[in-house]
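Work through these exercises with the sequence and the structure at hand. Each task is followed by a solution in steps.

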Amino acid sequence: MNVLIADDHLLFRDGLRRLLAQFDADMTFFEASTYDEVRALCDGTRPFDLILLDLGMPGWTGFSALGDIHANLPKALLVVVSGSEKRSDLLAALENGAAGYIPKSSSAKVLLGALQLVLAGGIYLPEQAIRGADRVEQTHGGYGGHGSGEAVDDNAGMANANGDQLTPRQRDVLARLRDGKSNKQIAHELGLTEGTVKVHVTAILRHLGVRNRTQAALTAQQSL
């Protein structure tokens with residue numbers, strides 16, 4: 001398995017590489033410390049299986065950079081490992097092809113569990129975004145994008161690596177997308193905020209590999 005670790009801190013790259021080596025001894029590691037290096041490595045000539053990258057490295061031009069990587073390497077699993085826990089950053093990452101978003105405040109156990117989920121075909125959302133308010137949204141700047149500081153549904157739960165990769169709450173949202181309901185209507189029916197519903201809708205679209213709500217609704221007709 002070819003793995004790219006992109007972070008501008010050598011110590012973090014080294015620690016992540018050592019941790020992943022325990023996870024899978026057959027991993028071959030590549031490293032980058034700037035987005036110029038990431039772009040050079042992700043030009044489509046090398047088949048990466050997993051890409052772990054930080055936001056805001058030197059050369060960062062915004063979330064479209066993630067979209068470019070995903071376009072060049074559509075089969076690679078792209079996971080953001082970032083110091084930002086801002087919900088708008090999470091949403092922007094998912095919208096631009098990320099299969100997961102892991103805050104750097106996560107423990108090694110959480111990080112490995114998240115990667116197991118992503119490698120099994122799931123979408124990892126950090127517990128901070130699912131269960132509580134955006135700490136960093138309220139206190140620090142993120143890396144761009146859009147979002148709100150509202151708390152996220154505490155009944156959301158997380159997808160698991162066994163079978164269905166949508167959480168029960170995401171399935172509730174998907175069922176209502178199938179019925180053509182708006183985020184506002186879904187929020188009212190499920191007792192959520194519209195910001196929370198948007199997080200779930202974004203994750204659902206990413207997981208189903210579709211671009212819009214209509215395509216998700218059509219897929220839901222077959223899966224629910």
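**Exercise 1. Find which residues aspartate 54 touches, leaving out those up to four places away in sequence. Then place aspartate 54 in the chain and decide whether it is buried or exposed.**

Solution.
- Step 1. Work on the predicted model. Aspartate 54 touches Ala6, Asp7, Asp8, Tyr35, Val81, Ser82, Gly83 and Lys104.
- Step 2. Look at the elements on either side. Aspartate 54 sits in the loop between β3 (50-53) and α3 (64-72).
- Step 3. Check the accessibility. Aspartate 54 has 5% relative accessibility, and buried means under 20%, so aspartate 54 counts as buried.
- Step 4. Consult the record. In an unreviewed entry, UniProt lists Asp54 for "modified residue: 4-aspartylphosphate".

**Exercise 2. Decide whether leucine 66 is buried or exposed, and list its contacts beyond four places in sequence.**

Solution.
- Step 1. Locate the residue. Leucine 66 belongs to helix α3.
- Step 2. Read its accessibility. The value is 0%, so leucine 66 counts as buried.
- Step 3. Collect the contacts, without neighbours within four places in sequence. Leucine 66 meets Tyr35, Leu53, Leu55, Trp60, Leu78, Val80, Ala93 and Asn96.
- Step 4. Set sequence against space. Leucine 66 and valine 79 are 13 residues apart in sequence, and their C-alpha atoms are 9.8 Å apart.

**Exercise 3. Work out how α4 and α10 are oriented to each other and which residues make the contact.**

Solution.
- Step 1. Recall what is needed. Two packed helices are described by the angle between their axes and the distance between the axes.
- Step 2. Take both values. Helix α4 (residues 87-95) packs against helix α10 (residues 194-208) at about 25°, and the axes are 9 Å apart.
- Step 3. Name the arrangement. Angles under 35 degrees count as roughly parallel, so α4 is roughly parallel to α10.
- Step 4. Add the hand. The crossing of α4 past α10 is left-handed.
- Step 5. List the contact. From α4 come Arg87, Leu91, Leu94 and Glu95; from α10 come Gly195, Thr196, Lys198, Val199, Thr202, Ala203 and Arg206.
- Step 6. Sort by class. The contact of α4 with α10 holds four nonpolar, three polar and four charged residues.

**Exercise 4. Do the same for α9 and α10: what is their orientation, and which residues meet?**

Solution.
- Step 1. Take the values. The axes of helix α9 (residues 183-190) and α10 come within 9 Å and cross at roughly 110°.
- Step 2. Name the arrangement. Angles of 65 to 115 degrees count as roughly perpendicular, so α9 is roughly perpendicular to α10.
- Step 3. List the contact. Asn183, Lys184, Ile186 and Ala187 of α9 meet Glu194, Val197, Lys198 and Val201 of α10.
- Step 4. Sort by class. The contact of α9 with α10 has four nonpolar, one polar and three charged residues.

**Exercise 5. Describe glycine 121: which loop holds it, and what is its exposure?**

Solution.
- Step 1. Locate the residue. Glycine 121 is in the loop between α5 (108-119) and α6 (127-131).
- Step 2. Read the exposure. With a relative accessible area of 41%, glycine 121 is partly exposed.
- Step 3. Set sequence against space. Glycine 121 and leucine 77 are 44 residues apart in sequence and 9.2 Å apart in space, C-alpha to C-alpha.

**Exercise 6. Find how many helices and strands the protein chain has, and what share of its residues count as buried.**

Solution.
- Step 1. Count the elements. The protein chain has 11 helices and five strands.
- Step 2. Take the share. Of its 224 residues, 46% count as buried.

Key:
Residues numbered from 1 in each chain as written. Predicted model: local features only at pLDDT ≥ 70, side-chain atom pairs only at ≥ 80, totals over all residues. Heavy atoms only, no water. UniProt positions renumbered as here; feature names shortened; annotations may be inferred. Helix = DSSP H or I, 4+ residues; strand = E, 2+ residues; numbered from the N terminus. Buried < 20%, exposed > 50% of the residue type's maximum accessible area, 1.4 Å probe, protein only. Contact = heavy atoms within 4.5 Å. Axes fitted to C-alpha atoms, helices over the stretch in contact; angles between N-to-C directions. Parallel < 35°, antiparallel > 145°, perpendicular 65-115°, else oblique. Left-handed = near helix turned anticlockwise from the far one by under 90°. Nonpolar A, V, L, I, M, F, W, Y, C, P; charged D, E, K, R; others polar.
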